[in-house]
Structures are given as structure tokens and as C-alpha cells.
Amino acid sequence: MVIARKVFTLDEFTIQQLRNFHNATGELSGLLRDIGLAAKRVNVEVNKAGLADILGEAGIMNVQGEEVKKLDLFANNQFTGVLQHGISCAGIASEEWDDFIAFDDDASRQSKYVCLFDPLDGSSNIDVNVSVGTIFSVYRRLTEKGTSVNLDDFLQPGIRQVAAGYIVYGSSTVLVYATRRGVNGFTLDPSIGEFCLSHSDIKCPAGGKIYSVNHGNFYRFDKKVQRAIKKYQCCTAQQGGPYTLRYIGSMVSDIHRNLLKGGIFMYPPTRDMPHGKLRLQYECNPFAFITEVAGGLATNGHQRILDIVPTALHERSALFIGSSNMMEEWK
Ligand code: P6P
């Protein structure tokens with residue numbers, strides 16, 4: 001007799017996925033469970049950040065030239081440590097590490113995956129209690145199993161992602177991940193300390209009324225972007241509007257909302273950041289993969305994000321991402 005179960009924890013869900021694909025080895029399930037463990041540990045610190053001595057600057061600058069917060073460092077160490085001590089990842093790259101890290105123990109060298117992540121995106125919001133998030137991306141390594149990974153493993157185009165996801169530490173803590181089989185969301189149930197399936201088979205609505213952009217950059221955008229923003233501001237109901245501006249300054253929260261409700265998130269190039277601000281490998285590509293699997297689109301304004309061939313680990317890209325109908329002019 002099989003006991004029917006409604007609620008799936010992340011572990012149960014990934015194991016269920018494993019059952020459905022007989023040639024699966026369980027490595028990806030293990031990697032996702034490791035990420036879930038690190039996310040739970042980060043969640044504890046994010047939720048008490050105001051109480052513990054974990055707010056504020058760590059007093060160092062990262063490779064991006066940005067002030068690193070203590071919580072950034074904590075999150076970076078958690079995700080790095082869990083993946084290094086697991087057996088499902090051969091190496092990682094992170095916004096907070098200058099270079100990639102090859103895990104050089106025998107078990108890790110046998111793994112077929114590498115992982116890239118932004119351990120705590122939006123960290124400038126931490127001290128004012130605005131949602132922050134973790135973003136991750138998983139690729140099958142190009143180098144031989146049993147050897148150390150190298151830079152080529154981390155510079156693959158986003159179309160080669162095996163999985164991608166994010167955790168948003170907000171009013172609740174939600175882990176969303178995508179494989180080619182679909183996008184699913186899991187909400188942390190603090191009473192049992194497990195992520196439980198809460199958003200099954202997420203689809204990005206084809207249309208939306210939300211646009212997300214930092215309006216303070218308006219006069220630094222090109223004319224096409226300025227025209228689009230003016231269109232969103234002026235559209236009447238007869239013209240497909242009215243639209244509403246929602247911009248939290250934390251892309252994980254902005255894109256999560258638009259993924260569920262429909263909308264477009266834009267981080268266009270500006271005069272001082274002609275290649276955009278956001279990082280291709282561990283911000284744009286993971287969200288582009290998730291959004292496309294959910295039925296939306298993601299470009300840099302003229303090229304599909306997933307088709308861009310990266311040339312450097314921390315390279316930047318412009319990003320236009322969201323509902324397919326709202327993305328027409330950015331394809
Ligand atoms: P701006 C946070 O620092 C971040 O990387 C994204 O999460 C966010 O969408 C963006 O930068 C905000 O940038 O220039 O609008 O403050």
C-alpha cells in the first residue's frame with residue numbers, strides 16, 4: 001500500500017524527480033539538498049541580523065570593488081563550505097571570490113557539476129530589513145571527471161545550465177529552482193526546518209502590468225529605454241495599461257514577484273555602466289534560465305542572455321527579463 005502524500009519537502013521532491021528519471025545518478029538532487037542546507041543556515045542569520053553582531057561592513061572590498069557586509073561573508077562561507085564538503089560539486093565560483101575554487105579531494109573531483117552563485121544579493125538592503133537573496137547556477141563540467149576543474153567549466157553559455165535557482169529571504173523564505181523539466185518553489189516551514197513545495201510548476205504570465213527599473217537612472221538610459229518607460233507611465237487601460245512601477249533594489253525579490261505575477265525587470269546599460277551592472281554568470285544567466293523554463297524571456301536588450309558566451313568570470317550584462325508579451329521590443 002502506498003501512503004498518499006500531499007506535502008513534499010525539497011528532499012522528497014528531488015528524490016521523486018530521481019525516481020522519474022532512471023538514468024539519474026542522484027548527484028543533482030544531492031547538490032540541491034546541499035544548497036537547501038546552506039540556505040537554512042543563512043536564513044537563521046538573516047532573520048536575526050538586527051540582533052547579532054552580523055550587520056554592518058566587514059571592512060573589506062570584493063573583486064567588484066564593493067563594500068562586503070559581514071552577512072555576505074557568512075553566506076559565502078556557508079554555500080562554499082556545504083558544497084565543498086558535499087560530494088555533488090567539483091568546484092564553485094562566487095561573486096565574493098576573486099577566482100573559481102576547484103575542490104581538490106578525490107570525491108569532489110569525481111563530481112560532474114560545478115556551481116556558481118551570488119551568496120547574498122541585495123546586501124546593501126540588509127541593514128534596513130529589505131529582502132535579500134541567494135542566486136545559483138549549475139553546469140555539467142567540461143573537464144574530465146577525476147581531474148580538477150578549470151576556468152572553462154565556469155565560462156559556459158547559460159543555455160548549458162543544468163539547473164538554476166534562488167532563495168529569497170523575505171516575509172517567508174522561499175527556494176525556487178528550475179531544471180529543464182520545470183520551475184518549482186519551496187517555502188521554509190520553520191516548525192520542521194524543511195523547505196516544503198508551495199509553488200508547483202511555476203509559469204510566468206505572458207502579460208503583466210508591472211515594470212521594474214531604477215527610475216533614478218532615467219537620464220542615463222538610451223532613448224529607446226526612455227521611450228519604453230514613458231510608455232509604461234502613460235498607457236491607459238485601452239492601450240494595455242495602466243502599469244505600475246515596483247522596484248525593491250533587490251533583483252531576487254523583484255524578479256520573483258514578476259515571475260509569479262507577470263511583469264518586466266530592466267537593468268539597462270547606462271552611460272557610466274555601458275555593459276550594465278548585473279553579473280552575467282551568477283545573476284543574469286540563472287534568472288534567464290528560470291524565466292525561460294517558466295515561459296518568459298530574457299535578453300540584454302538585443303541578444304538572448306542564454307546565448308551569450310562569457311569571456312570572464314565576473315563580466316557584467318544588461319538585463320531585460322520577464323513576461324513574453326512585455327519583452328517583445330527587447331528581443
Ligand atoms: P541599483 C543589488 O545590489 C543589485 O545587484 C540587484 O539585486 C538590484 O536589482 C540592483 O543591484 C540594484 O541596483 O543601481 O538600482 O541600486
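Helices (H or I, at least four residues) and strands (E, at least two) are DSSP runs, numbered from the N terminus. Everything here comes from a predicted model, where local features need pLDDT of at least 70 and side-chain atom pairs count only at pLDDT 80 or more, while totals for chains, interfaces and linings use all residues. Residues are numbered from 1 along each chain as its sequence is written, and side-chain values use heavy atoms, with hydrogens and water left out.

**View 1. The ligand and the residues around it.**
Around the ligand sit Asp121, Gly122, Asn214, Tyr247, Gly249, Ser250, Met251, Phe265, Tyr267, Lys277, Leu278 and Glu283; a residue makes this list if one of its heavy atoms lies within 4 Å of the ligand. Sort that shell by type and you get 5 nonpolar, 4 polar and 3 charged residues. For that count, Ala, Val, Leu, Ile, Met, Phe, Trp, Tyr, Cys and Pro are nonpolar, Asp, Glu, Lys and Arg are charged, and the others, Gly among them, are polar.

**View 2. Ligand oxygens and their polar partners.**
Polar contacts here are pairs of N or O atoms within 3.5 Å; within protein, one must be able to donate a hydrogen and the other to accept it, and residues adjacent in sequence count only if both atoms are side-chain atoms. Asp121 puts a side-chain N or O atom 2.4 Å from an oxygen atom of the ligand. For Tyr267, a polar side-chain atom is 2.6 Å from a ligand oxygen. Met251 uses its backbone instead, with a polar atom 2.8 Å from an oxygen of the ligand. As for cover, the protein takes up 79% of the 400 Å² of accessible area that the ligand has on its own. Those areas come from the Shrake-Rupley method with a 1.4 Å probe; for residues, only the protein chains shown count as cover.

**View 3. Strand E5 and its neighbours.**
E5 spans residues 113-121, and 9 of its 9 residues are buried, where buried means under 20% relative accessible area, exposed over 50%, and partly exposed in between (1.4 Å probe, protein chains only). Two strands pair if DSSP finds at least two bridges between them. Strand E3 (residues 91-94) pairs with E5 in the parallel sense, over 4 bridges, and Ile92 has Cys115 of E5 as its bridge partner. Strand E6 (residues 132-140) runs antiparallel to E5, joined by 7 bridges. Look for Tyr113 opposite Arg140 of E6.

**View 4. Ser137 in strand E6.**
Ser137 belongs to strand E6. Its relative accessibility is 0%, so Ser137 counts as buried. The Ser137 side chain makes a polar contact of 2.7 Å with the side chain of Gln161.

**View 5. Helix H6, starting at Met251.**
H6 covers residues 251-261, and 9 of its 11 residues are buried. The buried ones are Met251, Val252, Ser253, Asp254, Ile255, His256, Arg257, Asn258 and Leu259. Met251 is also one of the residues around the ligand. After H6 comes Gly262, with a positive phi near 95°.

**View 6. Helix H7, with Glu283 and Thr291.**
H7 is mostly covered, with 13 of its 14 residues buried. Glu283 lies in this helix and is also among the residues around the ligand. Why does Glu283 count as buried? Because its relative accessibility is 3%. Glu283 and Arg316 are 33 residues apart in sequence, yet their C-alpha atoms are 9.2 Å apart in space. Further along H7 (residues 280-293) sits Thr291, buried as well at 3% relative accessibility. A polar side-chain atom of Thr291 is 2.7 Å from the backbone oxygen of Phe287. In an α-helix there are 3.6 residues a turn, so residues three or four places apart point the same way. Just after H7, Gly295 has a positive phi of about 100°.

**View 7. An open sheet of 5 strands.**
The strand order is E12-E11-E13-E17-E15, with mixed pairing. At the edges are E12 (244-245) and E15 (297-299), each pairing on one side only. E15 runs antiparallel to E17 (residues 319-322), with 3 bridges between them. Thr299 has Phe320 in E17 as its bridge partner.

**View 8. Cysteines without a disulfide.**
How many disulfides does a search of the whole structure find? It turns up 0, taking a disulfide as a pair of cysteine sulfur atoms within 2.5 Å. For Cys234, the nearest cysteine sulfur is that of Cys235, 7.6 Å away. Cys234 is exposed at 57% relative accessibility, whereas Cys196 is buried, with a relative accessible area of 10%.
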